[in-house]
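I opened this notebook to keep track of what I looked up, one topic at a time. The entries follow the order in which I went through the model.

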Amino acid sequence: MSEAIFELSQTGRKANTQIINLKSTKININNKYLRTNKPLMPEVSELEVIRHYTTLSQENFSVDTNFYPLGSCTMKYNPHCLHTLASLPEFLNRHPYALPENSQGFLQCMHEMQTMLKEIVGMPGMSLAPMAGAQGEFAGVSMIRAYHLSRKDTKRTEIIVPDAAHGTNPASATMAGFNVVEVKTKPDGDVDLKELKKKIGPQTAGIMLTNPSTLGVFERQITKISKMIHDVGGLLYYDGANLNAILGKARPGDMGFDVLHLNLHKTFGTPHGGGGPGSGPVACCKKLIPFLPIPVIKKSAKQYIISSTGDHHKTIGHLSAFCGNAGIMLRAYIYLRLLGAKGLDRVGEFATLNSNYLMQKLSDAGFEVPFIERKASHEFIVSLRKETKQYHITAMDVAKRLLDYGKHAPTVYFPLLIPECLLIEPTETESKQEIDKFVEVMTKIMHEIKKVPEMLRSAPHATKLRRLDTVKAAKEPNLVWKKQ
Amino acid sequence: MATCPDNLFYTKSHEWVREEKDGTVTIGVTDHAQEAMGDMVFVDLPKVGAKLKEKGECGVLESVKSASDFYSPIAGEVVEVNEKLSSSPDLVNKEPYDKGWIARIKPDNKDAAKKLLSADAYTKIADEA
C-alpha cells in the first residue's frame with residue numbers, strides 16, 4: 001500500500017515556491033471565528049508532492065487505460081475534447097452567483113441541451129437541478145408524491161419496484177416516504193403481470209421501471225404495464241440508467257412513462273469513475289411540470305433565465321444551493337453537439353451490437369448466458385452457477401482473475417436474481433479487436449477453471465494488492481489517516 | 001453441500017423455524033441461504049416486542065454481495081433476538097442453525113410452523129435454485 005502523504009512529513013520541510021504570504025492579505029473576520037491551533041498539514045517538498053501524486057495517478061485503472069465492461073455503469077470513453085471545451089476560461093471562471101445577463105452563453109448551452117434531451121426522451125418538461133442519478137430518482141419519486149397529494153389523493157402509499165431493479169429504486173422510494181412493494185420477474189426476463197395485477201390498486205402511487213432491465217433485456221410488455229398502472233391511477237417512473245441501449249431508437253415518453261431521470265455521466269459521455277461528479281436531470285410529462293425541482297432554465301423573449309417561479313408553483317423545491325453540476329452538464333452538451341441526432345442513433349446501435357456480439361462469443365466459449373434466447377440490450381448476464389457447483393469457482397474468482405489479464409471486472413452479484421452472475425457491458429466505444437481480446441481472456445479463464453482452479457481462488461496475482469479482505473473492509477472501514 | 005436438518009421447518013424464501021418446548025419458535029436463515037449470500041457483515045435484528053406478520057419483513061442481512069430482507073416465516077411477537085449477531089454476524093455463516101439463530105417468536109397460532117415445508121421439500125427447492 002502507498003503511504004499517505006502525511007507519512008512522508010518531515011518537520012520544517014517546505015515547498016518554498018508555493019508559499020503564500022498571508023500577512024499581506026487582510027482578512028476581515030472577527031477573531032472569535034478564527035481557529036487558534038494550526039491545521040495538520042504534511043510538511044513536504046514540491047518534488048515529494050509531485051512524485052507522490054504522479055505515482056498514485058499511475059495506479060489508476062480507467063477507461064483511458066483498460067477495457068472496462070462494468071455492467072449497468074456504461075463506462076464508455078469520454079472524448080477528451082469535452083474536457084478541453086468545458087475548461088474554456090469563460091466557462092471555468094463563471095461564478096454560480098453570476099447574474100443571468102452575464103451568463104447568457106452558458107445558459108444558452110444548458111437550454112439547448114435541455115431541448116435536445118427532452119426530444120431524446122419524448123417528454124415536455126425538464127429540470128437540470130439534480131446533482132446525480134440517485135438525487136434525480138429522489139426528485140422524480142418526490143414529484144409523484146407531490147402530484148398525488150396536490151389532488152388530495154392521500155391514500156397512495158405504495159411504489160411498485162420489480163425485483164430486477166437497481167437498489168437505488170427502493171431506496172429513493174423509501175426516502176420519499178413510500179412503502180416499497182416488490183414484483184417478481186418471470187423466467188423469460190419480463191415482469192410477472194399476474195403478480196403485478198394482484199399488487200396494484202388505489203394504494204399504488206406508481207411503479208419504477210428500468211427498460212431495458214438490469215437483466216439486459218427489453219421489457220416487451222411495457223405498454224400493457226403502462227395501461228395497468230395508469231388504469232389504477234398510478235404513475236410510471238423510468239430509471240434512465242440503461243438509456244444507452246435505446247438511444248435514438250425508442251423514447252420513454254412514447255412508452256407511457258410520466259417522469260424519469262437521466263444519468264448524463266453514463267449515457268452522455270461524462271466521467272464517473274471515483275465519484276463523478278454525476279448529473280441526473282429529471283424529465284416529465286405535462287401534468288408533472290408544476291412539480292419539477294427548481295431552479296429551471298428557460299428562454300424568455302429577450303434572454304435565457306434561471307427561473308424558480310411561474311410554471312413551477314407546486315415545485316418539490318431546491319435540491320442543492322445552485323443548479324446541477326455545471327461543468328459536467330457542459331461536457332454532456334458538447335457530447336450531444338458532437339454526435340448530433342445521427343450520431344446518437346449510432347450510439348444505441350453499436351452499444352447493442354457490441355453487447356450481442358460479445359454475448360454470442362462468450363456463449364460459444366462455454367459460458368452460461370441465462371437469456372441467450374433473447375436479444376441482449378447494451379449489456380447481458382453470464383452465470384457461473386455451474387462452475388460454482390462443479391469446480392467451486394465463483395463469479396468473484398473470475399472477476400479477480402480478469403484483473404491479472406488487465407481487464408476491469410464486470411459487475412458481480414448483480415442483479416441479485418441470477419446466482420453467481422457477471423453483468424457485462426462493453427459499450428459502443430470498444431472496437432471488435434478489443435472485444436475479441438476479452439473473449440480470448442475469458443476463454444483462457446474457462447480453461448483455468450477446469451484445469452487450475454486454485455489459480456483462480458487466489459487471484460489476483462499480478463496486481464499491486466492481492467485479494468482484499470472485503471468482510472473486514474465492510475465491518476471495520478478505516479478511511480481516515482490519523483496521526484499516531 | 002448445504003445441510004438441512006430434519007427436525008426443522010422451512011420456507012421458500014430460505015428461512016428455518018424450530019419449535020421449542022415452551023411454545024415459542026426460533027427462526028433463522030438456512031445453510032443454503034447463507035452460502036448464496038456470502039460473508040455476512042451486518043445483521044439488522046427485529047425489536048423485542050415487535051409484532052410480525054407472516055411473510056412480513058423482520059430484518060436485513062447484509063453480506064459482502066448484497067443486502068437482503070429477512071422475512072418472518074410465521075406471525076407472532078418477538079420475545080428475544082440474538083444480540084451476538086450485532087458483533088459477530090459471521091455466526092450466520094458458521095452455524096446457521098445453531099449460534100446463528102436470529103429471533104425467538106411467540107407465535108399467534110401455535111401450530112403455524114407445521115404448515116411450512118419439510119426438510120425434504122425444502123431441499124428440492126434449494127437444489128433447483
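In which hand does helix 11 of chain A pass helix 14 of chain A? I looked this up first, bearing in mind that I am reading a predicted model, and I noted a right-handed crossing for helix 11 of chain A over helix 14 of chain A.

**Entry: helix 11 with helix 14**

I then took the geometry of this pair, and found that the axes of helix 11 of chain A and helix 14 of chain A, the latter formed by residues 432-451, come within 10 Å and cross at roughly 25°. Angles under 35 degrees count as roughly parallel, and therefore I recorded helix 11 of chain A as roughly parallel to helix 14 of chain A. On the side of helix 11 of chain A, I listed Asn354(A), Tyr357(A), Leu358(A), Lys361(A) and Leu362(A), which meet Ile435(A), Val439(A) and Met442(A) of helix 14 of chain A. Sorting the residues of this contact by class, I have six nonpolar, one polar and one charged.

**Entry: helix 11 with helix 4**

I stayed with helix 11 of chain A, which runs over residues 326-364, and turned to its packing with helix 4 of chain A, residues 104-121, where the angle is about 60° and the axes are 10 Å apart. Are these two helices parallel or oblique to each other? I wrote down that helix 4 of chain A and helix 11 of chain A are oblique to each other, and that helix 4 of chain A passes helix 11 of chain A in a left-handed crossing. From helix 4 of chain A the contact takes in Cys109(A), Met110(A), Glu112(A), Met113(A) and Met116(A), and from helix 11 of chain A it takes in Met329(A), Leu330(A), Ala332(A), Tyr333(A) and Leu336(A). By class I noted nine nonpolar residues and one charged residue in this contact, with no polar ones.

**Entry: helix 5 with helix 6**

For another pair I went to helix 5 of chain A and helix 6 of chain A, the second of which spans residues 168-175, and I found that their axes come within 9 Å and cross at roughly 50°. That makes helix 5 of chain A oblique to helix 6 of chain A, and I recorded the crossing as right-handed. Here Ala134(A), Glu137(A), Phe138(A) and Val141(A) of helix 5 of chain A meet Thr168(A), Asn169(A), Ser172(A), Ala173(A) and Met175(A) of helix 6 of chain A. I divided the residues of this contact into five nonpolar, three polar and one charged.

**Entry: backbone details in chain A**

Which peptide bond leading to Pro295(A) is cis? I found that it is the bond from Ile294(A) to Pro295(A), with omega near -5°, and I placed Pro295(A) in the loop between strand 7 (282-284) and strand 8 (296-299) of chain A. I also noted a cis peptide bond from Phe414(A) to Pro415(A), with omega near -5°, where Pro415(A) belongs to the loop between strand 11 (411-412) and strand 12 (421-424) of chain A. I marked Lys152(A) for its positive phi of about 60°, although Lys152(A) is not a glycine, and I located it in the loop between helix 5 (133-150) and strand 2 (158-162) of chain A.

**Entry: the whole of chain A**

I counted 16 helices and 12 strands in the secondary structure of chain A. The radius of gyration of chain A is 25 Å, close to the 23 Å that the globule rule gives for 484 residues, so I noted chain A as being as compact as a globular protein of that length. Along the principal axes its C-alpha atoms fill a box of roughly 75 × 70 × 45 Å. The division of chain A that I copied out is domain 1 (5-58), domain 2 (82-337) and domain 3 (342-473), and I found 42 Å between the centres of domain 1 and domain 2 of chain A, taken over C-alpha atoms.

**Entry: chain B and its contact with chain A**

For chain B I listed four helices and nine strands, which follow the pattern β-β-β-α-β-β-β-β-β-α-α-β-α along the sequence. Chain B has a radius of gyration of 13 Å, and this agrees with the value near 14 Å that a compact globule of 129 residues would have. Its C-alpha trace spans about 35 × 30 × 25 Å along the principal axes. How many residues of chain A are in contact with chain B? I found seven residues of chain A in contact with seven residues of chain B, and the side of chain A that touches chain B has five nonpolar, one polar and one charged residues.

Conventions:
Residues are numbered from 1 along each chain as its sequence is written. Chains are lettered from A and ligands numbered from 1 in the order in which they are written. This is a predicted model: local features need pLDDT of at least 70, side-chain atom pairs count only at pLDDT 80 or more; totals for chains, interfaces and linings use all residues. Axes are lines fitted to C-alpha atoms, for helices over the stretch in contact, and angles run from 0 to 180 degrees between N-to-C directions. Angles under 35 degrees count as roughly parallel, over 145 as roughly antiparallel, 65 to 115 as roughly perpendicular and the rest as oblique. A crossing is left-handed if the near helix is turned anticlockwise from the far one by less than a right angle, and right-handed if clockwise. Two residues are in contact if their C-beta atoms, placed from the backbone, lie within 7 Å. Ala, Val, Leu, Ile, Met, Phe, Trp, Tyr, Cys and Pro count as nonpolar, Asp, Glu, Lys and Arg as charged, and the others, Gly among them, as polar. Domain bounds come from an automatic or database domain assignment. The radius of gyration is taken over C-alpha atoms; the globule rule is 2.2 Å times the number of residues to the power 0.38.
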